[in-house]
Amino acid sequence: HIQTPLDVVEIMQDKIAHLRHEEFWCLYLNTANDIISIEQIGKGGISATTVDVRILIQRAILLGASGILVTHNHPSGALSPSRSDTKLTETIQKAAELFSINLVDHIILHKDDHFSFQDNGLL
């Protein structure tokens, strides 16, 4: 069950925070914010990864998810979202809204800390 960004940090920190390449994951949620599935959506290089928003949304529809929460790591240690992180978040949010799916948060992880778009007023 996801209640706060720290719940996601607990789940995903060991999976991706210490990697030396970027990975992008999605947690698919039901109406009670219980996790239906956790899936890797993209795997990239040191400073970027490719995310196909159509695949992310298609999977949400197939799973019957009412919410999604996306997360990726920053191997550089910089927690602030890049311009492309912000643009991707906006694109995901707009696409999800078309299908009445709520983008709950986008969390950037590093081994020592995290950044939540929701907590920082960017969603």
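**Phe99 and the sheet beside it**

Phe99 sits in the loop that links α3 to β4. The model examined here is a predicted one, and this loop residue makes a handy starting point for a tour. With a relative accessible area of 47%, Phe99 counts as partly exposed, because that class covers values from 20% to 50%. Together with Ile61 and Leu98, Phe99 forms a nonpolar patch on the surface. The accessible area of these three residues together is about 340 Å².

From the loop, the path leads on to the sheet. Five strands make up this open sheet, arranged in the order β2-β1-β3-β4-β5, and their pairing is mixed. At the edges are β2 (35-43) and β5 (113-116), each of which pairs on one side only. On average, neighbouring strands of the sheet are turned by 20° against each other, direction ignored. As a general reminder, strands of a sheet pair through backbone hydrogen bonds, and they may do so in parallel or antiparallel fashion.

A good place to see such pairing is the β5 edge. Strand β4 (residues 102-110) and β5 run antiparallel and are joined by four bridges. Here, His110 stands opposite Asp113 in β5.

Helices accompany the strands. Helix α2 (residues 53-63) lies across β1 (23-29), β2 and β3 (67-73), and its direction makes an angle of about 25° with β1. Helix α3 (residues 83-98), in turn, lies across β1, β3 and β4, running at about 155° to β4. Both β1 and β3 are thus found in the list for α2 and in the list for α3.

Key
Residues numbered from 1 in each chain as written. Predicted model: local features only at pLDDT ≥ 70, side-chain atom pairs only at ≥ 80, totals over all residues. Heavy atoms only, no water. Pairing = 2+ DSSP bridges. Helix = DSSP H or I, 4+ residues; strand = E, 2+ residues; numbered from the N terminus. Axes fitted to C-alpha atoms, helices over the stretch in contact; angles between N-to-C directions. Contact = heavy atoms within 4.5 Å. Patch = residues over 30% accessible without salt bridge, like charges linked within 9 Å, V, L, I, M, F, W, Y side chains within 5 Å. Areas by Shrake-Rupley, 256 points an atom, 1.4 Å probe, with all protein chains shown as cover. Salt bridge = Lys/Arg side-chain N within 4 Å of Asp/Glu carboxyl O. Buried < 20%, exposed > 50% of the residue type's maximum accessible area, 1.4 Å probe, protein only.
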